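Visitor: Got a minute? I'd like to go through this one with you.

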Amino acid sequence: MAFVNLKDLKANIGGQLRLTLNSSGVYEEKEWQGKKFNTFKYEVIQDNQVMTLDATDSLKRKLDTISTGDDFLLSWEQFTTDSGELRNYWKVEPTDKSSANPVFENVKKSINEFDQKLQADKAVKQAVETTNTTYTNGARMGMIFNNVVKLYIANDMTWTTDEFVNNFKRVEAWVEACENPKAIPQASKPNEPVAEESVQINDDDLPF
């Protein structure tokens, strides 16, 4: 059975492992460099895999505060004493199963919101397409496109895609203006000179 890597956890101050306590501790006495010390082997579950957690007295005291079957967060923490010395300790933080997948819940919520937005966008797009169908046909669009291509060629074919689309819409607007002249305000005509009425003068009235 694989062991929980406490060495890596200690190297990552404040990092957390989510575990489930699956058994009570089994006492063992070990010796290292001529010194004897107590250890307690616990069976825990990490990422759906059963593993062994080898705990010293200090960690055992923390694990004694939770029950078999409980989920908890295990971390190696650090603090500074009043005298300025750095000390470390094991932190066991009980947690409930409902918070086991907070990221998943957030993603699920985001996906639901995205689906709702997508459905709304589809409804708007369908409404626009339905409206366009009433006055747009293939021949009309082909005529507009051909004229835009002519303008594109006349401008040395230097347009970007956005510029092509904008010019297409501009030509389409001109076509619509021609199709619906009543919608266009009539331009006022410039002031025209008023033709004066000619006056007929008899020859006898002329001074010469």
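Visitor: What share of the residues in the chain is buried?
Guide: In this predicted model, buried residues make up 21% of the 208 in the chain.

Visitor: And the accessible surface, what does that come to?
Guide: About 16300 Å² for the chain, and carbon and sulfur atoms hold 53% of that.

Visitor: OK, switching to the fold. How many helices and strands does the chain have?
Guide: Five helices and six strands. Going from the N terminus, the order is α-β-β-β-β-α-β-β-α-α-α.

Visitor: Which way do β5 and β6 run, parallel or antiparallel?
Guide: Antiparallel: β5 covers residues 71-80, β6 covers residues 86-95, and 10 bridges join them. To pick out one pair, L73 has E93 in β6 as its bridge partner.

Visitor: What's between those two strands?
Guide: Five residues, with the two strands forming a hairpin. In the turn, G84 has a positive phi of about 90 degrees.

Visitor: New topic, N167. Where does that one sit?
Guide: N167 is in helix α5, which spans residues 161-179.

Visitor: Buried or exposed?
Guide: N167 counts as buried because its relative accessible area is 15%, and the cut-off for buried is under 20%.

Visitor: Which residues does N167 touch, leaving out those up to four places away in sequence?
Guide: V148 and W159.

Visitor: Last one, back to the whole chain. Of the contacts with a separation of 6 or more, what share comes from residues 24 or more positions apart?
Guide: That share is 47%.

Technical notes. Residues numbered from 1 in each chain as written. Predicted model: local features only at pLDDT ≥ 70, side-chain atom pairs only at ≥ 80, totals over all residues. Heavy atoms only, no water. Pairing = 2+ DSSP bridges. Helix = DSSP H or I, 4+ residues; strand = E, 2+ residues; numbered from the N terminus. Buried < 20%, exposed > 50% of the residue type's maximum accessible area, 1.4 Å probe, protein only. Contact = heavy atoms within 4.5 Å. Areas by Shrake-Rupley, 256 points an atom, 1.4 Å probe, with all protein chains shown as cover.
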